[in-house]
Amino acid sequence: MSGFAPEWLDLREGADHRSRNRRLERALAKHFDGWRPITVVDLGCGTGSNLRASAPLLGPEQHWTLVDHDQALLDAAAQRLAAWADGADRQGGTLALFKGPKRIDVEFRRADLARDLEDALGANANLVTASALFDLVSAGFIARFAAAIAARKSAFYTVLTYDGDQRWMPEHEADAALLAAFHAHQRRDKGFGPSAGPDAPDALSDAFAAVGYSVQQGDSAWRLGAGDGALIAELTAGFAAAAGETPQIDAPTVAAWRAVDRTAAVVGHADTLALPLGV
Ligand SMILES: C[S@@+](CC[C@H](N)C(=O)[O-])C[C@H]1O[C@@H](n2cnc3c(N)ncnc32)[C@H](O)[C@@H]1O
């Protein structure tokens, strides 16, 4: 399973949804209480997981634009969202979803955020959101991004940004070496300049505070155990592969680390809610 394959995003979706920070979810819902309609842009949407988790927090009439640079993921998102909804209707380029009492209109936009951020954001979304995206981008992109959001007076909510914490059960003598190599890999350029990696949550908080937003951060670590065997196995393979691509660690150490059968893991994430003052 590679990169951002739909199967990988499917595998992590349950853990992602249950790990989201509930305090920030409540704060988001409170901020938008009574808004009808609400316009939302979801950046790096993958197969639409963020919409499936966030739409229940928002009002009865929602207009979402889902943005990704991968057309196959946008197609998978349309298919999975239609299956998730109680009813779905294609109207030209818009997918109308009916979920309980809510009507959610969804448009799909293929764009490279590193090059076309302004276009991807559009003119005036009430909320710009993302899930599991911001550790891929650079500190410079985060600063530019915060300025672009502030210029629109949009609210910003992002979840599941990797924060550098990793613990594996059972422990292994090479855990620290693997983590250091994994972080070196994380900081490589993923299309946005050198990635912020585990520094991304703090970079987001600092950038949004600097543009005058009220910022809240909350823990959203994956706490994986019984029932998460497939995800733990896939994570172990992914971390080992990434670490093994760096010169920091030798192949026998990676192989020995990978060979352990793990029963539990913690992978640290943070959620961030940044709200414009007076809106
Ligand atoms: C870790 S996945 C998260 C997907 C989804 N938000 C979720 O939570 O399941 C990161 C997503 O960002 C997208 N992405 C990465 N770089 C991008 C870029 N330069 N422009 C647009 N999308 C990008 C990937 O295609 C992928 O869908």
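R22 is partly exposed, with a relative accessible area of 36%. I start there as R22 takes part in a salt bridge: its side chain meets that of E25, at 3.0 Å from N to O. One caveat before going on: this is a predicted model.

Both residues of that bridge belong to helix 2, which covers residues 22-31. R22 and E25 are 3 residues apart, about one turn of the helix. Is E25 buried or exposed? E25 is buried, with a relative accessible area of 10%. The cut-off for buried is under 20%, so at 10% E25 falls on that side, while R22 at 36% counts as partly exposed.

The count of salt bridges comes to 13. Besides R22 and E25, I will show two of them. One is D10 with R80, where the closest N and O atoms are 2.7 Å apart. This pair links distant parts of the chain: D10 sits in helix 1, residues 6-19, and R80 in helix 4, residues 71-84, with their positions 70 residues apart in sequence. D10 is partly exposed, its relative accessible area being 35%.

The other is R115 with D112, with 3.6 Å between the closest N and O atoms. R115 is exposed, at 67% relative accessible area. D112, on the other side of the bridge, is partly exposed, at 23%.

D112 brings me to the ligand. Which residues come nearest to the ligand? There are 16 residues around it, and the nearest are G44, D68, D112, L113 and S131. So D112 appears twice in this talk, once in the salt bridge with R115 and once among the residues nearest the ligand.

Now the polar contacts of the ligand, atom by atom. A backbone N or O atom of L113 is 3.0 Å from a ligand nitrogen. H69 also uses its backbone: a polar atom there lies 3.4 Å from a nitrogen atom of the ligand. With S131 it is the side chain, where an N or O atom is 2.7 Å from an oxygen atom of the ligand. As for cover, the ligand taken alone exposes 590 Å², and the protein buries 97% of that.

Next, the aromatic residues. How many aromatic pairs does a search of the whole structure find? It finds 13. Take F134 and F145: their rings are 5.0 Å apart, centre to centre, with 55° between the planes, and the pair is tilted. F134 is in the loop between strand 6 (127-131) and helix 6 (139-152), and F145 is in helix 6, so the pair ties together parts that are 11 residues apart in sequence. F134 and F145 are both buried.

The rings of F208 and Y213 have centres 5.5 Å apart and planes at 55°, so this pair is tilted. F208 and Y213 are buried too. What cluster do these rings belong to? F134, F145, F208 and Y213 are among the members of one aromatic cluster, which also includes F141, F156 and F192.

Last, an arginine over rings. R262 lies over the face of W257, 3.8 Å from the ring centre. The charged end of R262 also sits over the ring of W168, at 5.5 Å from its centre. R262 is therefore placed over two tryptophan rings, given a cut-off of within 6 Å of the ring centre.

That is what I have on the salt bridges, the ligand and the rings.

Terms used
Residues numbered from 1 in each chain as written. Predicted model: local features only at pLDDT ≥ 70, side-chain atom pairs only at ≥ 80, totals over all residues. Heavy atoms only, no water. Phe/Tyr/Trp six-rings, centres within 6.5 Å; stacked < 30°, edge-to-face > 60°. Helix = DSSP H or I, 4+ residues; strand = E, 2+ residues; numbered from the N terminus. Buried < 20%, exposed > 50% of the residue type's maximum accessible area, 1.4 Å probe, protein only. Lys NZ or Arg CZ within 6 Å of the ring centre and 35° of its normal. Salt bridge = Lys/Arg side-chain N within 4 Å of Asp/Glu carboxyl O. Near = heavy atom within 4 Å. Polar contact = N/O pair within 3.5 Å; in protein donor to acceptor, adjacent residues only side chain to side chain. Areas by Shrake-Rupley, 256 points an atom, 1.4 Å probe, with all protein chains shown as cover.
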